[in-house]
Amino acid sequence: MNIHLTTFAALLAALSFSSAAYAQEDSLERALAQYNSGLTAPMASAGVSVTGDARVRNVMASFDNIVDVDVRTRLNFDFNINDHAQAFIQFTGNSNWGSKLTLDPLTDTNSTFNGADNNNNGELSQVWVETVNALGDGGTARIGASYYTFGSGRLLGTDEWDGHPQGFEGVWYSNEHDGFALEGFYMSMVEGGVLQSDIDLIGVTVDYSLDLSESSKIALSPFWLRKSGDMGTDASHDDWRGLGLNGLFLGFDCDFEMAWYEAYGADSAMAWAFDTAFDLEILEEVGLGSLVTIAFSDTEDGFEVITSSSTGRTINQRHNAAGLSDTMTGGLWGSGKASTMSLGFTFTPLDGYNGGISMHDITMGGVDYSEFDITLETTLGGGLKAMGGLSMVDRDGSSELDETIYAVLSMDF
């Protein structure tokens, strides 16, 4: 009897302990859930869209018989937080085989190809948050790491041709009121995923539209850009001041820009660029498109643009600045003392195919170049975009043409 009572008591105690344990576990789970609720990100986004793009590119150059292939893939996450805010995150991966080199006209030696970059498995290339009317003035503010192009991109900008387009980290603000558009920023360069905090960039642009007549509508764009704190010398700085004019003038699409560069304690140097486009219907009768483009540029000795401290490349839009071959490795304004003249035509050989023919005359450092380019692009099945390009450069003193062939396949998803 005592044995049975003892067993029953033990069983009762075990059940009681088990019930208490379950109760404690349940209370612990509730407590943890309440605690973690303050640590969990709220589901505030009205929607999230996922997009991306992939590109494979092959470059063949007769100079030194070089072949270069690279593949770039980007994945984008766009968060629509609310009617006045959004966030953006982008991952970029790039693989590169080979090393295409181009001839440096000043040293007559090889220089690194603009589009070649080191391999990576997909680094965080952009992450920013943007708000509208945060200060109650209707302006737009962005903070984080982002691609950015200052004005025309000749001085400073992100070149999409690169395997790893240049990113910047900082704060941007823009506002538009009564025909005036103001944009300003304070940022630093991000190179290879590393913030270059010793290089500060500050800039302001103002756009104002003028309607002169039905055939003349011009936008004035004065700007100022400063680079300071380079290599720890906080007292030194470089300044760029300039003015852009673009729009419709007497029925022609025109773009004119001039800038003055002034290093700390040095005299200023000037650069300018002009291009126009117009329709010439007579060209359609010979199988060409109607669009004609004409461009000129000139850069004084001593004019410089911002250069990457890690790669040595200029931080601007460089590809096809004056020719598909990228003979001007630093773009129009970053290749030293130079002048250019260009003429281009469009053509449509078949339905769904668009092409271009262009001729360029380039003088850099006393060396003359003549370049002929032809491009053809179309969209294949499934939305796959294809582009091919051939560039032939005749350099004074050279016995043969330097040829560059591009083949690019890309897909947006």
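1. Ile89 is a convenient place to enter this structure, which is a predicted model. The residue lies in strand E3, which covers residues 85-97. With a relative accessible area of 25%, Ile89 is partly exposed. Setting aside its neighbours within four places in sequence, Ile89 is in contact with Leu75, Asn76, Phe77, Phe79, Leu124, Gln126 and Val127. For one of these partners, Phe79, the C-alpha to C-alpha separation from Ile89 is 8.5 Å, and the two are 10 residues apart in sequence.

2. On the overall make-up: the protein has 1 helix and 20 strands. It consists of 413 residues, of which 36% count as buried. When contacts between residues at least 6 apart in sequence are considered, 52% of them join residues at least 24 apart. The protein exposes about 22,100 Å², and carbon and sulfur atoms supply 59% of that area.

3. Some contact partners of Ile89 return in a surface feature. Leu75, Leu124 and Val127 are in contact with Ile89, and they also belong to a nonpolar surface patch of about 590 Å², together with Val48, Val50, Phe91 and Phe413. Two elements, strand E1 (47-61) and strand E6 (120-132), give two or more residues to this nonpolar patch. Leu124 lies in strand E6. The relative accessibility of Leu124 is 46%, so this residue counts as partly exposed.

4. Which residues form the negative surface patch? Its members are Asp361, Asp368, Asp394 and Asp396. Asp361 is found in strand E17, which runs over residues 353-364. Its relative accessible area is 33%, which makes Asp361 partly exposed.

5. Salt bridges deserve a separate look. Side chains of opposite charge can pair when their charged atoms come close. A search of the whole structure finds 15 salt bridges. One of the pairings is between Asp255 and Arg154, with the closest N and O atoms 3.6 Å apart. This pair links distant parts of the chain, 101 residues apart: Asp255 is in strand E13 (residues 252-263), while Arg154 is in the loop between strand E7 (140-146) and strand E8 (167-177). Are the two partners buried or partly exposed? Asp255 has 21% relative accessibility and therefore counts as partly exposed. Arg154, at 13% relative accessibility, counts as buried, because the cut-off for buried is under 20%.

6. The loop between E7 and E8 also holds Asp162, which forms salt bridges with two arginines. With Arg313, the closest N and O atoms are 3.8 Å apart. Arg313 sits in the loop between strand E15 (288-299) and strand E16 (338-347), 151 residues from Asp162 along the chain. With Arg318, the closest N and O atoms are 2.7 Å apart. Arg318 is likewise in the loop between E15 and E16, 156 residues from Asp162, and the pair links distant parts of the chain.

7. How buried are the residues in these two pairings? Asp162 has a relative accessible area of 3% and is buried. Arg313 counts as buried at 13% relative accessibility. Arg318 is buried, as is Asp162.

8. Salt bridges also occur as a network in this model. Which residues are linked in it? They are Asp53, Arg72, Arg74 and Glu160.

9. A last residue to check is Ser268. It is found in strand E14, which covers residues 268-279. At 43% relative accessibility, Ser268 counts as partly exposed, since that value falls between the 20% and 50% cut-offs. Apart from neighbours within four places in sequence, Ser268 is in contact with Trp260, Tyr261 and Glu262. The C-alpha atoms of Ser268 and Gly302 are separated by 8.0 Å, although these residues are 34 residues apart along the chain.

Definitions and conventions
Residues are numbered from 1 along each chain as its sequence is written. This is a predicted model: local features need pLDDT of at least 70, side-chain atom pairs count only at pLDDT 80 or more; totals for chains, interfaces and linings use all residues. Side-chain values use heavy atoms; hydrogens and water are left out. Patches are made of residues with over 30% relative accessible area and no salt bridge: like charges are joined within 9 Å, nonpolar side chains (Val, Leu, Ile, Met, Phe, Trp, Tyr) within 5 Å. Accessible areas come from the Shrake-Rupley method with a 1.4 Å probe; for residues, only the protein chains shown count as cover. A salt bridge is a side-chain nitrogen of Lys or Arg within 4 Å of a carboxyl oxygen of Asp or Glu. Lys and Arg count as positive and Asp and Glu as negative; His and the chain ends are not counted. The place of a charge is taken as NZ of Lys, CZ of Arg, CG of Asp or CD of Glu. Helices (H or I, at least four residues) and strands (E, at least two) are DSSP runs, numbered from the N terminus. Buried means under 20% relative accessible area, exposed over 50%, partly exposed in between (1.4 Å probe, protein chains only). Contact means heavy atoms within 4.5 Å.
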